[in-house]
Amino acid sequence: MAKQHARMRPILSPERDCPAEILAAPAAAGPPAEMVFGDWYPALRSGRLRPGSTALTMLLGIPMLLGRKQDGALFALRDLCPHRGIPLSAGWFDGESVQCKYHGWRFEPCSGRCEEIPSLTRFDHLVPQKIYANAFPVVERDGYAWVYVPSAGVGRMPSPDYEPDSKSKSEPGSEPVSQPQAALRNLPPIPELPKFSSRYRAAHLQADLPCNVDHGIIGLMDPAHGPFVHRAWWWRRAASIHEKTKRFEPIEDREHGGRNAGFRMSAHAPSSNSAPYKLLGKPVTTIDFVLPNRRYETIRAVNAKGRERWFASLTTVTPVTPTSCRIDVIAAWNIAYHLPLVTPIARYFGAKFVAQDQRTMVEQARGLRFHPGLMLIDDADLPAKWYFALKQRRLTGEGDHPLCGPVELHWRS
Ligand code: FES
Ligand SMILES: [Fe+2]
């Protein structure tokens, strides 16, 4: 039995009691994390990119210029001119091509191909079209521009949006394959939120985390923080903590050589101490974590009339730099589909929930600046241990899946 404590009071209120030098953004960032290249990451919300517009972002430490051409095609360029390294974002975009500010080189942004070097004369033999700025494959899905970030040294990546009408050679007798499909075929599958009906509502949330991606991810899968971080009248009370047993099984992803391996918290009735789940009746929840950074949660329930109600979310934690990351959530549901206020209400509570995690990680980052030793305990931190083992396996190509079969874990939350 847990001991009864006298009423716990906050030690300090950051706004009121914390000296500025302690609260200040860390001069030295916390410890870096190794980043997993060779996969798709959400760069930004694709709705921000109207035809003819651009936006800047940073992904896995790479400055990126994203944009949309007038014909609707998305592009993602490393924001550095291949000539002398000035950011391409310092230059111009006319809806068709990106022009560098320094010497006016002009690039087709989906392929990165240089189309013009204004300084060339008839005495030059240089062919501008042989020069490329660094373009990344980018695909729009679930309201995000997903960018494929290759490992260093894999060479030029054709963009799936580039030359949509061109046909490349395919096996004799088979359908010709358009270049975009051919380009995508050799890349890992693009992540997608599962939806279980044609009509649904959806909402997106986002929060920057000042810690490395590993802390972001193990925070995401941490089962023991709920009663302390997510206290709220509408979610749960601290006193509702109780023992839980959850079954986990490995996700092997053998088809792709274990690239997107992970583990599943097997179908179970969701936490009985979380009020919103009670709205669903008798639902069944599945939670998957798969490399490099994705958590899928689905909750499905069939009502007395045989109609299915469902909620699904995809949460990713994306390295912005080796020492910082960003959490992106897309959720979709068909519950109370026709009530107009449902989406803003869901977004309001969802944002509060994510902000609780964010605030905690801002506080944690204050501690991590001092590079403390850290612990992972059984059973509550076992999913975190599996994550580190899976990530190591992916980075080195060696080792077995840390789960050899289904297991039960026990914790109180
Ligand atoms: S630095 Fe970009 S054109 Fe010269
Ligand atoms: Fe949380």
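These legends walk through several close-up views of one predicted chain.

Residues are numbered from 1 along each chain as its sequence is written, while chains are lettered from A and ligands numbered from 1 in the order in which they are written. Since the model is predicted, local features need pLDDT of at least 70 and side-chain atom pairs count only at pLDDT 80 or more, though totals for chains, interfaces and linings use all residues.

**View 1. The whole chain, with its 8 helices and 21 strands.**
Helices here are DSSP runs of H or I with at least four residues, strands are runs of E with at least two, and both are numbered from the N terminus. Of the 413 residues in the chain, 32% are buried. "Buried" means that 20 or more other C-beta atoms lie within 10 Å of the residue's own; with 12 or fewer a residue is exposed, and in between it is partly exposed, the C-beta atoms being placed from the backbone. Take the contacts between residues at least 6 apart in sequence: 56% of them join residues at least 24 apart. A contact is a pair of residues whose C-beta atoms, placed from the backbone, lie within 7 Å.

**View 2. Where the predictor is sure and where it isn't, going by pLDDT, its confidence in each residue from 0 to 100.**
The chain has a mean pLDDT of 86, with 84% of its residues at 70 or more. Among the elements, strand β7 (residues 106-107) has the highest mean, 98, and strand β12 (residues 167-168) the lowest, 39. Over residues 162-179 the pLDDT is below 50, and this stretch has 18 contacts in the model beyond near neighbours in sequence. Where pLDDT is low, the predicted coordinates should not be read in detail.

**View 3. Strand β1 (residues 39-45) beside strand β11 (residues 144-149), an antiparallel pair.**
Strands count as paired if DSSP finds at least two bridges between them; β1 and β11 have 6. To find your way, start at D39, whose bridge partner in β11 is V149. Strand β1 is mostly covered, with 6 of its 7 residues buried.

**View 4. An open sheet of 4 antiparallel strands, β2-β3-β4-β9.**
At the edges are β2 (54-59) and β9 (135-136), each of which pairs on one side only. Strand β2 meets β3 (residues 62-68) through 6 bridges. One handy landmark is A55, which has L66 as its bridge partner in β3.

**View 5. Another open sheet of 4 strands, in the order β5-β6-β7-β8.**
The pairing is antiparallel here. Both β5 (92-93) and β8 (114-116) stand at the edges with a single partner strand each, so one side of each is left without a neighbour in the sheet. For β5, 2 bridges make the link to β6 (residues 98-99). Look for F93, with V98 of β6 standing opposite.

**View 6. Strand β19 (residues 308-321), mostly covered, with 12 of its 14 residues buried.**
Strand β18 (residues 294-302) pairs with β19 in the antiparallel sense over 9 bridges, and Y296 stands opposite L314 in β19. These two strands form a hairpin with 5 residues between them, and G306 in the turn has a positive phi of about 80°. Strand β20 (residues 324-333) also runs antiparallel to β19, joined by 10 bridges. Here T315 has V329 of β20 as its bridge partner. The β19-β20 hairpin has 2 residues between its strands.

**View 7. Helix α8 (residues 382-396), 15 residues long.**
From first C-alpha to last, α8 reaches 21 Å, close to the 21 Å expected at 1.5 Å a residue (that is, 1.5 Å times one less than the number of residues). Buried residues of α8 include W386, Y387, L390 and R394. What do the buried residues of α8 pack against? They pack against α4 (213-220), β16 (262-268), β17 (284-290) and β21 (407-412). An α-helix has 3.6 residues a turn, so residues three or four places apart point the same way. After α8 comes G397, with a positive phi near 70°.

**View 8. V229 in helix α5 (residues 226-229).**
Why is V229 called partly exposed? Because there are 15 other C-beta atoms within 10 Å of V229. Leaving out residues up to four places away in sequence, V229 touches Q356, D357 and T360. V229 and A355 are 126 residues apart in sequence, yet their C-alpha atoms are 9.9 Å apart in space.

Notes
Two residues are in contact if their C-beta atoms, placed from the backbone, lie within 7 Å.
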